[in-house]
Amino acid sequence: MHSPVAQFEIKPLVELSLGGYDVSFTNSSLFMLLAIGVSSIFLISAMRRADMVPGRMQGMAEMMYEFVAEMVRSNVGREGRPYFPFIFTLFVFLLFGNMLGLIPYSYTFTSQIIVTFAMAAFVFVGVTIIALCKHGLHFFSFFVPAGAPKVLIPFLIVIEVISYFVRPVSLSVRLFANMLAGHTMLKVFAGLAVMISGAGGLAMAGSLLPFVALIGLTGLEVLVAALQAYVFTILTCMYLNDALHLH
């Protein structure tokens, strides 16, 4: 049986070098492009006719749009409207990337910590710049909880600063760890079912149990893939809300 973590190996498909740095086009790059391509084709195809009575694809696209729009409205308010295109794109990119990774022999780029950290760092730097542009130096009052006793303020500032700078780490690790753990479990149960069934005889009947577990885990992974895209996006909305409204 292949190692369960072999599926996460990054393989160069087109080897490239720039200034001594490896900038090869990898399997991870390929599935990022596929996530963009498949999601674009889906949305364009679904909304091309824009019928008054939507079909299945148009209904799904509109439901996705309304879902993210409501998420932005309820978590950021009216001031979040200019940022809706970015948040919608982020959600769709993660959703399709996670779902594509569930197809056998595909690759899940969100199982790479460098990918999720790069996205989380982009969100973190972006909302910090937005806060600085909107509030100027008043932004730093964010690290002083309102109504806190004066004697505790120095300690609270340290805690608030640490918790603020930990945001990109927690945001990236949550997505990475969930996708990594789920796909590893799928690989382990799939390998177990194949190994037991390959023994032949009565052992084949024993392969039914891991096979049933594999079907259940696959259904659970579909839910996790959608849920993790949602969690990453709603936390982005909450960070944006902090940047726009402070305390």
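A residue is called buried when its relative accessible area is under 20%, exposed when it is over 50%, and partly exposed in between. The exercises below apply this scale to a predicted model.

**Exercise 1. Describe the overall make-up of the chain: how many helices and strands are there, and in what order do they run?**

Solution. Begin with the count, which gives 8 helices and 4 strands. Next, follow the chain from the N terminus, where the order reads β-β-β-β-α-α-α-α-α-α-α-α. For the dimensions, take the C-alpha atoms along the principal axes, and they fill a box of roughly 75 × 55 × 45 Å. Then turn to the packing: of the 247 residues in the chain, 36% are buried, and among contacts with a separation of 6 or more, 69% join residues 24 or more positions apart. Finally, the surface that the chain exposes comes to about 14,500 Å², with carbon and sulfur atoms supplying 74% of it.

**Exercise 2. Work out which residues make up the salt-bridge network, and how exposed its members are.**

Solution. A search of the whole structure finds 4 salt bridges, and those of Arg 73 are a convenient place to start.

- Step 1: Arg 73 pairs with Glu 70, their closest N and O atoms being 3.2 Å apart. Because these two residues are 3 residues apart in helix α2 (residues 56-76), about one helical turn separates them.
- Step 2: Arg 73 also meets Glu 66 through their side chains, with an N to O distance of 4.0 Å; the criterion for a salt bridge is a distance within 4 Å.
- Step 3: Place each residue on the accessibility scale. Glu 70 has a relative accessible area of 40% and is therefore partly exposed, Arg 73 is partly exposed at 47%, and Glu 66 is partly exposed at 45%.

A further salt bridge links the side chains of Lys 134 and Glu 79 at 3.1 Å, N to O. Since Lys 134 lies in helix α4 and Glu 79 in the loop between α2 and α3, this pair ties together parts that are 55 residues apart in sequence. Lys 134 is partly exposed at 42% relative accessibility, and Glu 79 is partly exposed at 36%. To return to the task, the shared partners join Glu 66, Glu 70 and Arg 73 into one network.

**Exercise 3. Explain why Cys 237 forms no disulfide with Cys 133, and decide whether each is buried or exposed.**

Solution. The structure holds 0 disulfides. For Cys 133, which is in no disulfide, the nearest cysteine sulfur is that of Cys 237, 19 Å away. A disulfide would require the two sulfur atoms to be within 2.5 Å, so the sulfur of Cys 237, at 19 Å from its closest counterpart in Cys 133, is too far for a bond. The surroundings can then be read from the accessibility values: Cys 133 is exposed, with a relative accessible area of 66%, whereas Cys 237 is buried at 0%.

**Exercise 4. Locate the nonpolar surface patch, and find what Ser 39 in helix α1 touches.**

Solution. The patch consists of Leu 13, Val 14, Leu 16, Leu 18, Tyr 21, Val 23, Leu 30, Leu 34 and Val 38, which together have about 800 Å² of accessible area. Assigning these residues to elements shows that β1 (12-14) and α1 (27-47) each supply at least two of them, and that the largest share, 3 residues, comes from α1. One of the patch residues, Leu 34, has its place in helix α1 and counts as partly exposed at 34% relative accessibility.

Now consider Ser 39, also a residue of helix α1, which is buried with a relative accessible area of 6%. The side chain of Ser 39 reaches the backbone oxygen of Ile 36 at 3.0 Å. Leaving aside residues up to four places away in sequence, Ser 39 touches Leu 34, Val 92 and Phe 96.

**Exercise 5. Say what sets the backbone of Tyr 105 apart, and where this residue lies.**

Solution. Start from the general rule that most residues other than glycine have a negative phi. Tyr 105, although not a glycine, has a positive phi of about 70 degrees. Its position is in the loop between α3 (84-100) and α4 (113-135), and at 87% relative accessibility Tyr 105 counts as exposed.

Definitions and conventions
Residues are numbered from 1 along each chain as its sequence is written. This is a predicted model: local features need pLDDT of at least 70, side-chain atom pairs count only at pLDDT 80 or more; totals for chains, interfaces and linings use all residues. Side-chain values use heavy atoms; hydrogens and water are left out. Patches are made of residues with over 30% relative accessible area and no salt bridge: like charges are joined within 9 Å, nonpolar side chains (Val, Leu, Ile, Met, Phe, Trp, Tyr) within 5 Å. Accessible areas come from the Shrake-Rupley method with a 1.4 Å probe; for residues, only the protein chains shown count as cover. Buried means under 20% relative accessible area, exposed over 50%, partly exposed in between (1.4 Å probe, protein chains only). Contact means heavy atoms within 4.5 Å. A polar contact is a pair of N or O atoms within 3.5 Å; within protein, one must be able to donate a hydrogen and the other to accept it, and residues adjacent in sequence count only if both atoms are side-chain atoms.
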